[in-house]
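Biologist: Could you take a close look at one part of this chain for me, and then follow it outward to whatever it connects with? I'm new to this, so please keep it informal and walk me through it step by step.

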Amino acid sequence: QVQLVESGGGLVQAGGSLRLSCAASGRTFSSYTMGWFRQAPGKEREFVAAIIWSGSKIYYADSVKGRFTISRDNTKNTAYLQMDSLKPEDTAVYYCAAGRGGNYYYIPHTRDEYDYWGQGTQVTVSS
């Protein structure tokens, strides 16, 4: 069992930055692929980024590639999402998730591939 708690959301102007954190409980954090998803009002939850257990493989959605950076610190049981050059269309509730699948050749990037979810943190980007 893994419990996830996101933090770091807030209100920022377009072009600004935020860093989200996802703190995980449980001793097996380092064995999970960690992902970030987001859900804007009236839209489906969409994939943002993911990182496998070792940190050696990362995958981004095209919409955030070059602006967002996912990372993890297994010694702190924490995953991060650094978000730079934010745009109003990045406004959403951001969720972190943990999944058992994933390796160097494949990173889970759909909702069904993740087993545990946090409660989400709101990110609002003003124009």
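Modeller: Sure, let's begin with a pair of charged residues: aspartate 90 and arginine 38 are both buried. Keep in mind that this is a predicted model, so treat every value here as computed from it. Their side chains meet in a salt bridge, with N and O 2.9 Å apart. The two partners come from distant parts of the chain, 52 residues apart: aspartate 90 is in the loop between β8 and β9, while arginine 38 is in strand β4. In general, side chains of opposite charge can pair when their charged atoms come close.

How buried is arginine 38? Its relative accessibility is 6%, and it counts as buried because the cut-off is under 20%. Arginine 38 also has a salt bridge with glutamate 46, where the closest N and O atoms are 2.6 Å apart. Glutamate 46 is partly exposed, at 36% relative accessible area. So arginine 38, which is buried at 6%, pairs with a residue that is partly exposed at 36%.

Now zoom out a little. The count comes to five salt bridges. One of them joins aspartate 62 to lysine 65, with 3.1 Å between the closest N and O atoms. Here aspartate 62 is exposed at 66%, and lysine 65 is partly exposed at 48%. Back at our starting point, Arg38, Glu46, Arg67 and Asp90 belong to one network, joined by salt bridges that share partners.

Arg67 gives us a handy path to the next stop, as it is among the residues that leucine 86 touches. Where does leucine 86 sit? It is in the loop between β8 and β9, which is also where aspartate 90 is found. Leucine 86 is buried, with a relative accessible area of 2%. Its other contacts include Val12, Leu18, Phe68 and Val125. Here's a nice example of folding for you: leucine 86 and glutamine 13 are 73 residues apart in sequence, yet their C-alpha atoms are 7.7 Å apart in space.

Serine 85 is in that loop between β8 and β9 as well. Serine 85 is partly exposed, at 42%. Its phi is near 50°, a positive value in a residue other than glycine. Asparagine 77 has a phi near 50° too, again positive and again not a glycine. Asparagine 77 lies in the loop between β7 and β8.

Next, let's go into the nonpolar part. The largest nonpolar core has 38 residues, and the ones that touch the most other members are Leu4, Met34, Trp36, Leu81, Met83 and Tyr94. The elements giving two or more residues to this core are β3, β4, β5, β7, β8, β9 and β11. Notice that β4, the strand of arginine 38, is on that list. Take leucine 81 as a sample member: its contacts include Leu20, Trp36, Val48, Phe68, Ile70 and Tyr94. Trp36 is also touched by serine 21, a residue of strand β3. Serine 21 is buried at 18%, and its contacts include Val5, Glu6, Thr78 and Tyr80 as well.

What else does strand β3 hold? One end of a disulfide: the structure has one, and it joins cysteine 22 to cysteine 96, S to S 2.0 Å. Cysteine 22 lies in β3 and cysteine 96 in β9, so the pair ties together parts that are 74 residues apart in sequence. The link is right-handed, with 55° about the S-S bond. Cysteine 22 is buried at 0% relative accessibility, and cysteine 96 is buried at 0% as well.

Finally, follow the chain from β9 out to the surface. The loop between β9 and β10 holds tyrosine 105. Is tyrosine 105 buried or exposed? It is exposed, with a relative accessible area of 76%, because exposed means over 50%. Together with Tyr104 and Tyr106, Tyr105 forms a nonpolar patch on the surface, with about 420 Å² of accessible area for the three together. So our tour started with a buried pair, aspartate 90 and arginine 38, and ends with tyrosine 105, which is exposed.

Notes:
Residues are numbered from 1 along each chain as its sequence is written. This is a predicted model: local features need pLDDT of at least 70, side-chain atom pairs count only at pLDDT 80 or more; totals for chains, interfaces and linings use all residues. Side-chain values use heavy atoms; hydrogens and water are left out. Patches are made of residues with over 30% relative accessible area and no salt bridge: like charges are joined within 9 Å, nonpolar side chains (Val, Leu, Ile, Met, Phe, Trp, Tyr) within 5 Å. Accessible areas come from the Shrake-Rupley method with a 1.4 Å probe; for residues, only the protein chains shown count as cover. A salt bridge is a side-chain nitrogen of Lys or Arg within 4 Å of a carboxyl oxygen of Asp or Glu. Helices (H or I, at least four residues) and strands (E, at least two) are DSSP runs, numbered from the N terminus. Buried means under 20% relative accessible area, exposed over 50%, partly exposed in between (1.4 Å probe, protein chains only). A disulfide is a pair of cysteine sulfur atoms within 2.5 Å. Contact means heavy atoms within 4.5 Å. A nonpolar core is a set of buried Ala, Val, Leu, Ile, Met, Phe, Trp, Tyr and Cys residues joined through side-chain atoms within 4.5 Å. Lists of a residue's contacts leave out its neighbours within four places in sequence.
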